[in-house]
Structures are given as structure tokens and as C-alpha cells.
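Here is a short briefing for someone meeting this structure for the first time. Take a look at the sequence and the fold, then read on.

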Amino acid sequence: LHEPYRRQRQMCIRDSPDPSEREAFPVKMRFYYNLLYRIVWPFFCLVHPIRSIGRENIPEGGAVFCANHSALADPLMVCFAATLRWHIRPMAKIELSRVPLVGWLLGKAGVIYVDRGHADVKAVKEALTCLKAGGKMLVFPEGTRVHDGEDVSAKGGAALFATRTGVPIIPVYVSRKKYWFRRSPVIIGKPITPKIAGRKATSEELEKIMNDVMEQIYRLGESA
């Protein structure tokens, strides 16, 4: 067997799901998540194997994963780096839900679709409910794919989720270079607990939190 494939296969077999996330990930949702994971992962791991670094930094209970975004494969890379030990609910643009069959399956597997053109109250409520129940979410704060040389300001949504629910933010760096048939690093940093002065974060506080998070994400990339 391809060495990275064999190593990650052993990791998946060894790991068991986090019991703290059962309420956030109902049985049916977990079934579709595991099904898609096991269908996609073997092929993906052969052509784009992953080197997961810092997986021990993932805490029990709720958390918001924040990652840089440069390619369509990034959500898969983060979920595969965490393995089936941790079920992660990515947030994705609502247009993806309209892709026949794929959009339906991803929704069943836990993807939270967001209408970025409007204040999507339904998506925000679903995200907060997930985190309060001990689930884990994946957010790309820049809101779009960002390539070398581009400068995009981070949105404050992830910081809002974390401060409203009291969960930490997990910075994740996903390699911008996706290598064929050799491992691309996904680096999981130490949890960040956002600090705010009052009961609710101000827009300035959310902006500062996310600037600090993005700085930490790209600092992780420098060590790759």
C-alpha cells in the first residue's frame, strides 16, 4: 500500500468518535458523514495524501476550526486531517447546496449552508446550536479562496460564534500547494480562547480577534 495511505488508514481504524459530540451530530448525520468520508477518503489519500500535524491540539467538546482557504479541496483536507475521531461541520456557500445529489448529501452529512448575500439567521442559529451541544465547526474566515499575493480581510463570524458559546478557536493552516502523490501538510494549532470586555463582543473586538487568529494561522504556515 501507498505509505501515507496505510498510515492514515491505521489512524482511522484506531480512532473512535468523540462521545461529547453525540448531541451535536445525530445518528443519521453521523451515518452520512462516515459514509462520505469512507467513500472519498481512500481515493483522495492516494492522489493528495495529507500530513496531519498537531492533531493532539484538538480539544474535547465544542470548537470553531478556522483555516486559510486557497482551493476547493481545503474542507476535505481539514476533515481528513482530524480523522473520524472528530466530526466537523463545515460552513459552505449556499450555491453548493444546489448541486444535484452532492449538495443534498453534504447537507445530510452536516454541512451548514450560508447565504452570504443576506443575514442568514437560520445558518447562525444552526451553528450556535451545534457548538453549544459540543460540536465542532469549520469556518474559512476570509470567506473566499485566497491565493499568494492577495489580501482579504477576515470576517468576524467565527469570533462571534466562539464568544457567544464560550468555545475555543482552533487555527488551522492548509498548505496552499497541493502535491500529487506526496503529502501536503495540514497544521492544527493550539486552541485560542477569545477575550472580550462585556457580555457581547463589539465589532472592534471581533475584528481584532479574527486578525489575531489569521496571523496565527499564517504563522503556522511558516513552520510547514
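The notes below go through a pocket, three helices and a handful of single residues.

This is a predicted model. Its largest pocket holds about 1,400 Å³ of space. Helix H7 (residues 203-222) has one side with buried residues, and helix H5 (121-132) does too. Helix H3 (74-82) is largely enclosed by the rest of the structure.

**The largest pocket**

- The volume of the largest pocket is about 1,400 Å³.
- Its lining is made by 40 residues. The closest to the centre are Pro-90, Met-91, Ala-92, Lys-93 and Phe-140.
- Several elements give two or more residues to this lining. The helices are H2 (27-47), H3 (74-82), H4 (102-108), H5 (121-132) and H6 (157-165). Strand S3 (88-93) also belongs to this set.
- By type, the lining residues are 29 nonpolar, five polar and six charged.

**Helix H7**

- Helix H7 spans residues 203-222, which is 20 residues. From first C-alpha to last, H7 reaches 29 Å. That is close to the 28 Å expected at 1.5 Å a residue.
- Which residues of H7 are buried? They are Glu-205, Leu-206, Ile-209, Met-210, Val-213, Met-214, Ile-217, Leu-220 and Gly-221.
- These buried residues cover an arc of only 165° around the axis, so they sit on the same side of H7.
- The other side of H7 has exposed residues: Glu-204, Glu-207, Lys-208 and Glu-222.
- The cover over the buried residues of H7 includes strand S2 (63-67), H6, strand S6 (169-174) and strand S7 (184-188).
- Gly-221 is in helix H7. Its relative accessible area is 18%, so Gly-221 counts as buried.
- Gly-221 and Val-111 are 110 residues apart in sequence. In space, their C-alpha atoms are 26 Å apart.

**Helix H5**

- H5 has twelve residues, which should span 16 Å at 1.5 Å a residue. The end C-alpha atoms of H5 are 16 Å apart, which agrees.
- Ala-123, Ala-127, Leu-128, Cys-130 and Leu-131 are buried in H5.
- The arc they cover around the axis is only 160°, so they lie on the same side of H5.
- On the other side of H5, the exposed residues are Lys-122, Lys-125, Thr-129 and Lys-132.
- What do the buried residues of H5 pack against? They pack against S2, S3, strand S4 (112-114), strand S5 (136-139) and H6.
- Gly-134 follows H5 and has a positive phi, near 95°.

**Helix H3 and the residue after it**

- Seven of the nine residues of H3 are buried, so H3 is largely enclosed by the rest of the structure.
- The buried residues of H3 are Asp-74, Met-77, Val-78, Cys-79, Phe-80, Ala-81 and Ala-82.
- Thr-83 comes just after H3 and takes a positive phi of about 65°. Thr-83 lies in the loop between H3 and S3.
- Is Thr-83 buried or exposed? Its relative accessibility is 0%, so Thr-83 counts as buried.

**A second positive phi outside glycine**

- Most residues other than glycine have a negative phi.
- Leu-101 is not a glycine, yet its phi is positive, about 65°.
- Leu-101 lies in the loop between S3 and H4. With a relative accessible area of 59%, Leu-101 is exposed.

**Two more loop residues**

- Ala-71 sits in the loop between S2 and H3.
- Leaving aside neighbours within four places in sequence, Ala-71 is in contact with Arg-145 and Lys-178.
- Ala-71 and Lys-178 are 107 residues apart in sequence. Their C-alpha atoms are 8.7 Å apart in space.
- Pro-194 has its place in the loop between S7 and H7. Its relative accessible area is 16%, so Pro-194 is buried.
- Leaving aside neighbours within four places in sequence, Pro-194 is in contact with Ala-162, Thr-163, Val-167, Ile-169 and Ile-209. Ile-209 is also one of the buried residues of H7.
- Pro-194 and Tyr-113 are 81 residues apart in sequence and 25 Å apart in space, C-alpha to C-alpha.

Key:
Residues numbered from 1 in each chain as written. Predicted model: local features only at pLDDT ≥ 70, side-chain atom pairs only at ≥ 80, totals over all residues. Heavy atoms only, no water. 1 Å grid on protein atoms, 1.4 Å probe; cavity = no way out; pocket = protein on both sides within 12 Å on 5 of 7 lines; lining within 4 Å. Points joined across faces, edges and corners; volume = space filled by probe spheres on them. Helix = DSSP H or I, 4+ residues; strand = E, 2+ residues; numbered from the N terminus. Nonpolar A, V, L, I, M, F, W, Y, C, P; charged D, E, K, R; others polar. Expected span 1.5 Å × (residues − 1). Buried < 20%, exposed > 50% of the residue type's maximum accessible area, 1.4 Å probe, protein only. Arc of directions from axis to C-beta. Contact = heavy atoms within 4.5 Å.
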